[in-house]
Amino acid sequence: MRLTRYFLPVLRENPAEAQIASHRLMLRAGMIRQASAGIYSWLPLGYRVLQRIQQIVHEEQQRAGHIPLLMPTLQPADLWQESGRYNAYGPEMLRIRDRHERDMLYGPTNEEMITDIFRSAVGSYKDLPLTLYHIQWKFRDEVRPRFGVMRGREFLMKDGYNFDLTKEDALHAYNRHLVSYLRTYERMGLKAIPMRADGGPIGGDYTHEFLVLAETGESEVFYDSEITDLTFGDRTIDYDDVAQCQAVLEEFTSRYARTDETHDEAVFAEVPEARRRSARGIEVGQIFYFGTKYSDAMNAVVVNEQGERVPVHMGSHGIGVSRLVGALIEANHDEKGIIWPEGVTPFHCGIVNLKQGDEAADGACDALYAGLKAKGLDPLYDDRNERAGAKFATMDLIGLPWRITVGPRGLKNGVVELTSRRTGESEEMPPEAAIERVAQIYAGI
Ligand code: 5CA
């Protein structure tokens, strides 16, 4: 993409309404624009990141054997009356009446709708196990929407639902989700720690939240510091292997790690004092096992091997897709701007032309651009007629992990400069070598 043909409305000043870095930087980098409280338009740069995140989520869900579908944002109230949550959900639910006076709502989550889809089509244990998921906009009329996309009213969520014959099978689905979430967040360059939490309006008492530690996080958490050393890494996993998935769950959840809702001072005191930590975190996902709560209420039954009709065991599993954009920035920024991890960056590499209009510089930039494209990469070429300082400031603000700087002086020696946004380190090399290097960096991602 050439910057002169793109839409990147960056702000020079810090927006007064933004209290935390991610909100400020998303507004300044032209990623989002507020439509009304807690509701945002995703401008092209922000939308690219949102798409990268969705892509990773889709890949990891499908790797775990989960099946994508798409349910609507608007739901009929009757389903929620059946489960008993229509009244229980309270003022967070946006209720709408259509022209035929039918009660509708903008879905805050989809347990009822997916259970309805399931019961209309599945009647036998032979069709289990089944896990369906979608990535769809949700609406929760939060009392205090704040921090930009972190606590929005309209927000994008991946929500998945497992249907299993027995509790044991459903717990395997739970473990499978835990493993797939560990992989998902790590691919994005994030450390998200599973912590015992509370079921809230979704229900069930077996649930873990995934938290990214950050001072600006809204959740208070307590944990054994050893847990921050754990990484899933590039180990292979067979998602059908019950023992393997269970072992990962045990490895990642055996140390103390809880949100304030489930925190227990007496148990925490058993952790050696030097390893006891309390901190703040951003909740980027949550997994639940709630048994037959919805299948009982909504009569979602299957016939088992013995010919008996039994309610299915269920769980639901969410990832805060739009919140992740904010969380990623909270975890990856400096005073100049964002620093995208390679896994989610909106463009792979920036190209800065120090002397627009100079024949050699323009030609070298065009060649770099074409060379990177030929490697399957997406560069952002700053081809504006601007001072070098302004171009660097924009690149630093929008946070592309790699920048190639091209100027007449370097070109006389046959070199361009490759700079890492994270370390600030630069290295001179011929343009072809820079293309090769950037391609190599992304080859493993
Ligand atoms: N049905 C279940 C799991 S699919 C569910 O709704 N879980 S949840 O309530 O925990 O939401 C899942 C994730 O959505 C949360 O972990 C959080 O990352 C994100 N989320 C929740 N509320 C908001 C909000 N107001 N703004 C942005 N993201 C949110």
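Three strands first: β8 (154-164), β13 (276-291) and β16 (313-320) each supply at least two residues of the shell around the ligand. Keep in mind that this is a predicted model. Of the elements, β13 gives the most to that shell, with five residues.

Now the shell itself. How many residues surround the ligand? The count is 22. The closest are T109, E111, R140, E142 and E283. By class, the shell has seven nonpolar, eight polar and seven charged residues.

Let's go through some contacts. Start with E283. An N or O atom in the side chain of E283 is 2.5 Å from an oxygen atom of the ligand. Next, R140. A polar side-chain atom of R140 lies 2.8 Å from a ligand oxygen atom. Then G285. Here the backbone takes part: an N or O atom of the G285 main chain lies 3.3 Å from an oxygen atom of the ligand. And how much of the ligand does the protein bury? Taken alone, the ligand exposes 600 Å². The protein buries 96% of that.

Next, the space around the ligand. Where does the ligand sit? In the largest pocket. About 930 Å³ of space lies in that pocket. The elements that give two or more residues to its lining are β8, β11 (219-224), β13, β16 and α10 (321-331). So much for the elements; now the residues. The lining of the largest pocket has 47 residues. Nearest the pocket centre lie R140, R151, E283, Q286 and R323. R140 and E283 we have met already: both are among the residues closest to the ligand.

Which element gives the largest share of the pocket lining? That is β13, with eight residues. β13 also gives the most to the ligand shell. By class, the pocket lining divides into 16 nonpolar, 16 polar and 15 charged residues.

On to the cavity. The structure holds one cavity of 30 Å³ or more. The volume of the largest cavity is about 60 Å³. Which elements give two or more residues to its lining? They are β2 (39-42) and β8. β8 also supplies at least two residues of the ligand shell, and it gives two or more to the lining of the largest pocket.

Residue by residue, the largest cavity is lined by Y40, W42, W137, V149, G152, E154, F155 and S322. By class, that lining has five nonpolar, two polar and one charged.

Last, two backbone details. The first is a peptide bond. From L128 to P129, the bond is cis, with omega near 0 degrees. P129 lies in the loop between α5 (111-121) and β7 (130-139). The second is E101. E101 is not a glycine, yet it has a positive phi of about 65 degrees. Where does E101 lie? In the loop between β5 (94-97) and β6 (103-106).

To recap. The ligand sits in the largest pocket, and the protein buries 96% of the area the ligand exposes alone. β13 gives five residues to the ligand shell and eight to the pocket lining. Side-chain atoms of E283 and R140 lie 2.5 Å and 2.8 Å from ligand oxygen atoms. That's it from me.

Technical notes
Residues are numbered from 1 along each chain as its sequence is written. This is a predicted model: local features need pLDDT of at least 70, side-chain atom pairs count only at pLDDT 80 or more; totals for chains, interfaces and linings use all residues. Side-chain values use heavy atoms; hydrogens and water are left out. A residue is near a molecule or strand if one of its heavy atoms lies within 4 Å of it. A polar contact is a pair of N or O atoms within 3.5 Å; within protein, one must be able to donate a hydrogen and the other to accept it, and residues adjacent in sequence count only if both atoms are side-chain atoms. Accessible areas come from the Shrake-Rupley method with a 1.4 Å probe; for residues, only the protein chains shown count as cover. On a 1 Å grid over the protein atoms alone, a cavity is a set of points where a 1.4 Å probe fits but cannot get out, and a pocket is an open set with protein on both sides within 12 Å along at least five of seven lines; lining residues have an atom within 4 Å of a point. A molecule sits in a cavity or pocket if more than half of its atoms lie within 2 Å of its grid points. Helices (H or I, at least four residues) and strands (E, at least two) are DSSP runs, numbered from the N terminus. Ala, Val, Leu, Ile, Met, Phe, Trp, Tyr, Cys and Pro count as nonpolar, Asp, Glu, Lys and Arg as charged, and the others, Gly among them, as polar. Grid points are joined across faces, edges and corners, and a volume is the space filled by probe spheres set on the points.
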